[in-house]
Amino acid sequence: MVSKKKELELNLSKISDFENPNVKFEQYMTSAEVASTMIHMADMNGDIEGKIIVDLGAGTGMLAIGSALRGPRGVIGIEKDKSALLIAKRNVSTISQEIMVEWVLADVEHVPIKTVDKVDVTGIMNPPFGAQKGYKHADRNFLEKISEIASVSYSIHNGDSIGFIESFVEERGGVISHSYSVVMELKKSQKFHTKTRKEIEMEVHRIRWE
């Protein structure tokens, strides 16, 4: 178990990125700094120990693996991209042979988790923002699903989405208990990107689902 935030960040800095990121899926890797801060916060709030952690849209495993390093009851990483899951599995071997993550190849709308009591589940995820044309508020599907299977969730969203998040959470009977802003540097991953690196303003929300 990795108890210190700096040590967690150091471990997560070794995780490999997507090899061929899909622009439609908005595939980019959460930074080790942002991931370790969110996971540390969840742990301090009592949302990891004894819990089953579910990462929707797990990508190459940053949040799922980071959560596993904090010693929860179990971790499930849901991802619909088979190539990303293969990298995630390799990343587990790179980080630690002592942690276990159950990887599930599935779309967010068809998550095969039905037998676990909702009170035992914490969601930790970085859903797509819906920045691509025709995919506005793509994170809505992720929030809908996590509200069905988890009692609390931590998620990363676009920096100007607080109005949408508040409205959605209220509709679902949830409560935003914590929020903070982060800036994450994304590296160039698509041919149409004009800059080698770009800073993106984001929001992290802890939501209690009733």
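On the side of helix 6 turned away from its buried residues, Glu170 and Glu171 are exposed. The model described here is predicted. Within helix 6, which spans residues 162-171, the buried residues are Phe164, Ile165, Phe168 and Val169. These four lie on the same side of helix 6, because the arc they cover around the axis is only 120°. After helix 6 comes Gly173, with a positive phi near 80°.

**Aromatic pairs**

Two of the buried residues of helix 6 also take part in ring pairing. The model holds 2 aromatic pairs. In one of them, the ring centres of Phe164 and Phe168 are 6.2 Å apart and the planes stand at 40°, so this pair is tilted. The angle falls in the tilted class because planes under 30 degrees apart count as stacked and those over 60 as edge-to-face. Phe164 and Phe168 are both in helix 6, separated by 4 residues, or about one turn of the helix. Both rings belong to buried residues.

Phe168 also forms an aromatic pair with Trp209, and this one is edge-to-face, with 6.4 Å from centre to centre and 80° between the planes. Phe168 is in helix 6, whereas Trp209 is in the segment after strand 7 (197-208), so the pair ties together parts 41 residues apart in sequence. Phe168 has a relative accessible area of 1% and is therefore buried. Trp209 counts as buried too, at 5% relative accessibility. Through these ring pairs, Phe164, Phe168 and Trp209 are linked into a cluster.

**Salt bridges**

Side chains of opposite charge can pair when their charged atoms come close. The count of salt bridges in the model is 10. The table gives three of them, among them two that involve Glu148.

| Pair | N to O distance |
|---|---|
| Lys5 and Glu9 | 3.8 Å |
| Glu148 and Lys145 | 3.1 Å |
| Arg172 and Glu148 | 3.9 Å |

Lys5 and Glu9 are 4 residues apart in helix 1, which means that about one helical turn separates them. The two ends of this salt bridge fall into separate accessibility classes. Lys5 counts as partly exposed at 25% relative accessibility, while Glu9, at 17%, counts as buried. Because buried means under 20% relative accessible area, the cut-off lies between these two values. The pair also belongs to a network of salt bridges that links Lys5, Lys6 and Glu9.

In helix 5 (residues 139-149), Glu148 and Lys145 are 3 residues apart, so about one helical turn lies between them. Glu148 has 46% relative accessibility and counts as partly exposed. Lys145, by contrast, counts as buried at 15% relative accessibility.

Glu148 has a further salt bridge, with Arg172. Arg172 lies in the loop between helix 6 and strand 6 (175-187), while Glu148 is in helix 5, so this pair ties together parts that are 24 residues apart in sequence. Arg172 is partly exposed, its relative accessible area being 35%.

**Helix 4**

Helix 4 covers residues 82-95, 14 residues in total. From its first C-alpha to its last, helix 4 reaches 20 Å, close to the 20 Å expected at 1.5 Å a residue. Its buried residues are Ala84, Leu85, Ile87, Ala88, Asn91, Val92 and Ile95. They are on the same side of helix 4, because they cover an arc of only 160° around the axis.

What do the buried residues of helix 4 pack against? Their partners are two helices, helix 1 (5-12) and helix 3 (62-68), together with two strands, strand 2 (74-79) and strand 3 (102-105). The face turned away from this buried side carries Lys82 and Thr94, which are exposed.

Helix 4 and helix 6 can thus be described in like terms. In helix 4, the buried residues share one side, and exposed Lys82 and Thr94 are on the face turned away from it. In helix 6, the buried residues likewise share one side, with exposed Glu170 and Glu171 on the other.

Terms used:
Residues numbered from 1 in each chain as written. Predicted model: local features only at pLDDT ≥ 70, side-chain atom pairs only at ≥ 80, totals over all residues. Heavy atoms only, no water. Expected span 1.5 Å × (residues − 1). Buried < 20%, exposed > 50% of the residue type's maximum accessible area, 1.4 Å probe, protein only. Arc of directions from axis to C-beta. Contact = heavy atoms within 4.5 Å. Salt bridge = Lys/Arg side-chain N within 4 Å of Asp/Glu carboxyl O. Phe/Tyr/Trp six-rings, centres within 6.5 Å; stacked < 30°, edge-to-face > 60°.
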